[in-house]
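Colleague: Please pick one helix in this model and walk me through it closely, along with whatever sits around it.

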Amino acid sequence: GSGVRRVERLIRQLLDFTRARLSNGLPVHPAPVNLGQLAERVVADRRTAHPGRDLRLVTTGDLKGTWDGERLFQLMDSLVGNALHHGPVSSSVVLQLQGRWDGVTVQVHDPDCRVPPEYQGTLFEPFKHRAVCAADDGLGLSLFIVRQIALAHGGRISVESGAADGTRFIVWLPREDAPSTSGP
């Protein structure tokens, strides 16, 4: 049931947190992947879990590259899950992917989440902000892990939050030169 899944997710988050802390970042295993197809899977899964919610996927440009697909699925799923959890049933959540020659931008727009300016600098720190724009069962780890996944790909994440149009999480993933991790 959903209780078991929640516990599994908590355990996975704690493991990821520990791994990121111990080895200075999360290990990634890049392989050829189509981010557009991954995003479609994220949206399909979440639509099943939230029937009746307006969840949109907007994709442009070339979304193929060499990344860790499992990790980027996790990244997009966390951001979309947070936005769905946070907003009222009437709000639209948009997952947008834009491919450019040098990389891909992944944006999740959550119209009903407000990040107070004083939180924006520490939003991605672990155990800090349990209630702010996150739905990760009270640990305050999901945004930390999302940021670790972006960093492990040589990318970055930023947040734009204004009273008028909610909050936008923006992840930049470079196409090449992700630090390759050798290992099992």
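Modeller: Let's take helix α5, whose buried residues are Ser142, Leu143, Phe144, Ile145, Val146, Gln148, Ile149, Ala150 and Ala152. Buried here means under 20% relative accessible area, with exposed over 50% and partly exposed in between (1.4 Å probe, protein chains only). That makes 9 of the 11 residues in α5 (142–152) buried, so call the helix mostly covered. Helices (H or I, at least four residues) and strands (E, at least two) are DSSP runs, numbered from the N terminus. Keep in mind that this is a predicted model: local features need pLDDT of at least 70, side-chain atom pairs count only at 80 or more, and totals for chains, interfaces and linings use all residues. Residues are numbered from 1 along each chain as its sequence is written, and side-chain values use heavy atoms, leaving out hydrogens and water.

What does the covering of those buried residues? The cover includes α1, α3 (69–86), β6 (156–162) and β7 (166–174), with contact meaning heavy atoms within 4.5 Å. Just after α5 comes Gly154, with a positive phi near 75°.

Those two strands belong to an open sheet of 5 strands, ordered β2-β4-β5-β7-β6 with mixed pairing; two strands pair if DSSP finds at least two bridges between them. β6 stands at one edge and β2 (54–60) at the other, each with a single partner strand, so one side of each has no neighbour in the sheet. On average, neighbouring strands are turned by 15° against each other, direction ignored; the axes are lines fitted to C-alpha atoms, for helices over the stretch in contact, and angles between N-to-C directions run from 0 to 180 degrees.
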